[in-house]
Number of protein chains: 2
Amino acid sequence: MYQDRVRLASLQGKVMSAAQAAEMIQDGMTVGMSGFTRAGEAKAVPQALADRAAKNPFSITLMTGASLGNDLDKQLTEAGVLARRMPFQVDTTLRKAINDGKVMFTDQHLSETVELLRNQQLKPVDVAVIEAVAITEEGGIVPTTSVGNSASFAILAKKVIVEINLSQPMTLEGLHDIYIPTYRPFREPIPVVRTDSRIGLPYIPIDPSKIEAVVISEKQDSCSTVLEPDDETRAIARHLVSFFEGEVAAGRLTERLLPLQAGIGSIANSVLHGLIDSPFKDMTMYSEVLQDSTFDLFDAGKLRYASGCSITLSERKNAEVFDHLPNYKDRIILRPQEISNHPEVIRRLGIIAINTALEFDLYGNVNSTHVCGTRMMNGIGGSGDFARNAHLAIFVTKSIAKGGDISSVVPMVSHVDHTEHDVDILVTDQGLADLRGLAPRERARKVIDHCVHPDYRPQLQDYFERACAKGGHTPHLLGEALSWHQRLEEAGSMRIEEPMLA
Amino acid sequence: MYQDRVRLASLQGKVMSAAQAAEMIQDGMTVGMSGFTRAGEAKAVPQALADRAAKNPFSITLMTGASLGNDLDKQLTEAGVLARRMPFQVDTTLRKAINDGKVMFTDQHLSETVELLRNQQLKPVDVAVIEAVAITEEGGIVPTTSVGNSASFAILAKKVIVEINLSQPMTLEGLHDIYIPTYRPFREPIPVVRTDSRIGLPYIPIDPSKIEAVVISEKQDSCSTVLEPDDETRAIARHLVSFFEGEVAAGRLTERLLPLQAGIGSIANSVLHGLIDSPFKDMTMYSEVLQDSTFDLFDAGKLRYASGCSITLSERKNAEVFDHLPNYKDRIILRPQEISNHPEVIRRLGIIAINTALEFDLYGNVNSTHVCGTRMMNGIGGSGDFARNAHLAIFVTKSIAKGGDISSVVPMVSHVDHTEHDVDILVTDQGLADLRGLAPRERARKVIDHCVHPDYRPQLQDYFERACAKGGHTPHLLGEALSWHQRLEEAGSMRIEEPMLA
């Protein structure tokens, strides 16, 4: 059975139920699972783990590529399976458990997890659970809609469970490019020199004797929940397109721009949509997630090639793309997230990195993760891998949130994920601040003039002036620096009620 | 005259006084000068600029590799020559001008300055002023005790002034390895695969017609002012050696360790000295500055090879090394700082990066630059280039400063240069916290148990417990997070006077 999917005959006898396979995973183990931004996660085995733990409690360390779909993080959390989780998540239930200190969450640059595993700086993976479209004649694992950390998990794990997902189209085979950096101290350069460099194998090469179970599943990936562009995100896109036009006019970019990266989510997706009606052409992407906008740009004839580590689409776009995958196949490639996000490659190619900020401050420090400095949202993801090494590190956000009770531009961010050294361009619906080459006081003036919402401008200007009067390279009033966040926590709004400033 | 130093005959007619050469530099220009950590800076022309400006005021943007010796930043500041300065400095007078907002200082990762120049993201260099031991028969410039940004400055500048320094020994020739990354989008991998990879030329290759002046100077480099090891720095070194021994025992390192990088300064220098009496051998360095400790490790037979971008020695060590340079020459190499600090190479080689923190916090965020969040000390330097991409990112500091009025371990750092994602190991005289793979609450317990000074431990423990009670992935009390710094500013000490905690 499943001869076209499990082509190595010796593995056909290892087909078993998810519950049986899940028995391999015991209390205290470290498990590495496929899955990146709701794409290509193992589906049956984690569900079986949650079911079992509801009766017989146990807990594990769970590593993935990034977020899981099908509410798996929710179910695993509710069943108490997660003692430790890394390197990223987006689930509401898990988020609460993390913020309550019940699940230990290690928030990592997405390029680094498998490097740490390989160097034995994290506990070794006992079991890897990898979703696949097929196992090749030699026992190679063909991933589905994401590569994420799957290849290194499978290679480094003691035992491997493969979930063959019959709902994932066989046409995915050939899309992946699995390359693992050689071990130090003999590591060679990673040979990606263009977005379309193919440097590895179309499957994960492992010793097939490590595959101890094959589970058949049929559940589909969850669709993405990105929102359609709105007035604010369209304004952000307009500011950015106009900035790129200026860069082309100044000779710093060509009309092909440079390879684009965009973080996941509605704002970044919307910004990419803005490029459909731009004068640029023959563009390329070197990104993590290939989202709706990637395929819309292909369809508009704007994009030449896209490299990523997962494909995550909305319900609208999903059928369209997967029904016509062969049409796109020679223009896309899926790599391990270590390679899609590798500092070496990002610096070499000169990426234009567009990521979403939760908030940023006067001086261009960016908070991507922590609400009011304490409560984790999702994690830093790949934004640090890209921003630090990019040709242009761009962060975008709406200038206000919660109906204006929150200003995304604050005197001092309550948590720093990207320091001022790593942030070139800030964009809100209000405008764009080009911070390149500027000193902190100059950066502050750009941020005040171009990014902050008018409702908060006088308040921010006042803070800055009084801080400058006190002095310093990066002027601040320590007693007030976090007062906007305190006011939000205590009074539900960052606004100062009195018309007179303190 | 100077035939052995100015070997291209056509340039011998361009020898002129520093004052004459300095006339090329006019108000508003951008000038790129050699010099990295008080080594190999142009000496005569900047002095002439300061002298001229004292009579006829003008100002420029000055870029260097890093800090200058011979009090040049002081004199240029006092003469009002510096409108803008990047990417690093260590001078007291300049520091004050920066903190007063009089000089615009752009604090950059040291690997990035020339990348930005090459991409036209900074204003172009009008004039480069490069100290050299010689100009070759073809017009190539042979740098002196540092390479820093000199090669790219000379290559990108419209005009070049070469200062031939007769006090710099001719034996320096052959030590340098000048490699410039190819332009995007055709950039190839940087072919450094070992600390001793020689990939470029022993001189800076430029069109000699750009050399419009040759100035002869004789002033020596300033010696470094590192302090001898003391009880605290020896304790830090002991904790670190013992940690490395554990890593070897666990099979994560061999007795050769991995290539070492150490920041400039007394603490890092002292830590490296601690390796003299360690069980490790055949070690290598891939660092910025080759300091006393580098040569002491050579002399002790512990070090096999050292790659850097400058040599900065104390008075004691200076004569010793330069009188016997041929003895070391096949074991050292000086590269452009773009290469010594390149993320690509650092990630590839797997560096052990040891840098000094000004302060760090409960969760492992590090402040390297700003006193009380506002006043710049020196700049981030190369610490970010190394820490982000290292095999081990280690930060060291004494647990207290100013006779105990300052705790270097605080609830929340007042400025973030290195985020918790980039910090693996923290060491003070009190002990070592291994933060790898841990969640913030776990990191905090390690920091409290191992790093904070006993005088501040109850205070920090109390903060942490009350913050945890409030909740969050990274628990904080926003109203108190910066209160230690406020107390320092207002009362001169971070200590709480009352025995009862607030």
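This text leads through a predicted model of two contacting chains, A and B, from their interface to selected sites within each chain.

The model is predicted, and for that reason local features need pLDDT of at least 70 and side-chain atom pairs count only at pLDDT 80 or more, while totals for chains, interfaces and linings use all residues. Residues are numbered from 1 along each chain as its sequence is written, chains are lettered from A and ligands numbered from 1 in the order in which they are written, and side-chain values use heavy atoms, with hydrogens and water left out.

The interface comes first. Chain A and chain B bury about 6500 Å² between them, 50% of it on carbon and sulfur atoms, where buried area is the accessible area (1.4 Å probe) that two parts lose on being put together, summed over both. Within the area that chain A buries against chain B, A:Arg347, A:Arg388 and A:Leu478 supply 13%, more than any other three residues. The contact, defined by heavy atoms within 4.5 Å, takes 79 residues from chain A and 79 residues from chain B. Between the two chains, 42 residue pairs are in polar contact, with both residues at pLDDT 80 or more; a polar contact is a pair of N or O atoms within 3.5 Å, and within protein one must be able to donate a hydrogen and the other to accept it, while residues adjacent in sequence count only if both atoms are side-chain atoms.

On the side of chain A that touches chain B, at least two residues each are supplied by β3, α4, β4, α13 (343-349), β19, α14 (383-389), α15 (440-450) and α17 (483-491), these elements being DSSP runs numbered from the N terminus, with helices (H or I) of at least four residues and strands (E) of at least two. The largest share of that side, five residues, comes from α13(A). By residue class, the side divides into 25 nonpolar, 30 polar and 24 charged residues; Ala, Val, Leu, Ile, Met, Phe, Trp, Tyr, Cys and Pro count as nonpolar, Asp, Glu, Lys and Arg as charged, and the others, Gly among them, as polar.

Side chains of opposite charge can pair when their charged atoms come close. With a salt bridge taken as a side-chain nitrogen of Lys or Arg within 4 Å of a carboxyl oxygen of Asp or Glu, eight are found across the interface of chain A and chain B, and 78 over all chains of the structure. One that crosses the interface joins B:Arg84 and A:Glu442, at 2.6 Å from N to O, and runs from strand β3 (residues 82-86) of chain B to helix α15 of chain A. Both of these residues are buried, that is, under 20% relative accessible area, whereas exposed means over 50% and partly exposed lies in between (1.4 Å probe, protein chains only).

Within chain A, A:Arg187 and A:Glu115 meet in a salt bridge of 2.7 Å, N to O. This pair links distant parts of the chain, 72 residues apart, with A:Arg187 in the loop between β7 (159-165) and β8 (211-217) and A:Glu115 in helix α5 (residues 113-118). Both A:Arg187 and A:Glu115 are buried.

Helix α4 (residues 92-99) of chain A has A:Leu94, A:Arg95, A:Ala97, A:Ile98 and A:Asn99 as its buried residues. They pack against α3 (72-78), β3 (82-86), β4 (104-105) and β19 (375-376) of chain A, together with α15 (440-450) of chain B. At the start of α4(A), a side-chain oxygen of A:Asp91 reaches to within 2.9 Å of the backbone nitrogen of A:Thr93, and the helix is followed by A:Gly101, whose phi is positive, near 75 degrees.

An unreviewed UniProt entry places the feature "active site" at A:Glu288; such positions are given in the numbering used here, with feature names shortened, and annotations may be inferred rather than shown by experiment. A:Glu288 lies in the loop between β10 (283-286) and β11 (289-290) of chain A, and counts as buried because its relative accessibility is 6%. Leaving aside neighbours within four places in sequence, A:Glu288 is in contact with residues including A:Phe36, A:Cys309, A:Asn341 and A:Phe386. With A:Asn341, the side chain of A:Glu288 makes a polar contact of 2.8 Å.
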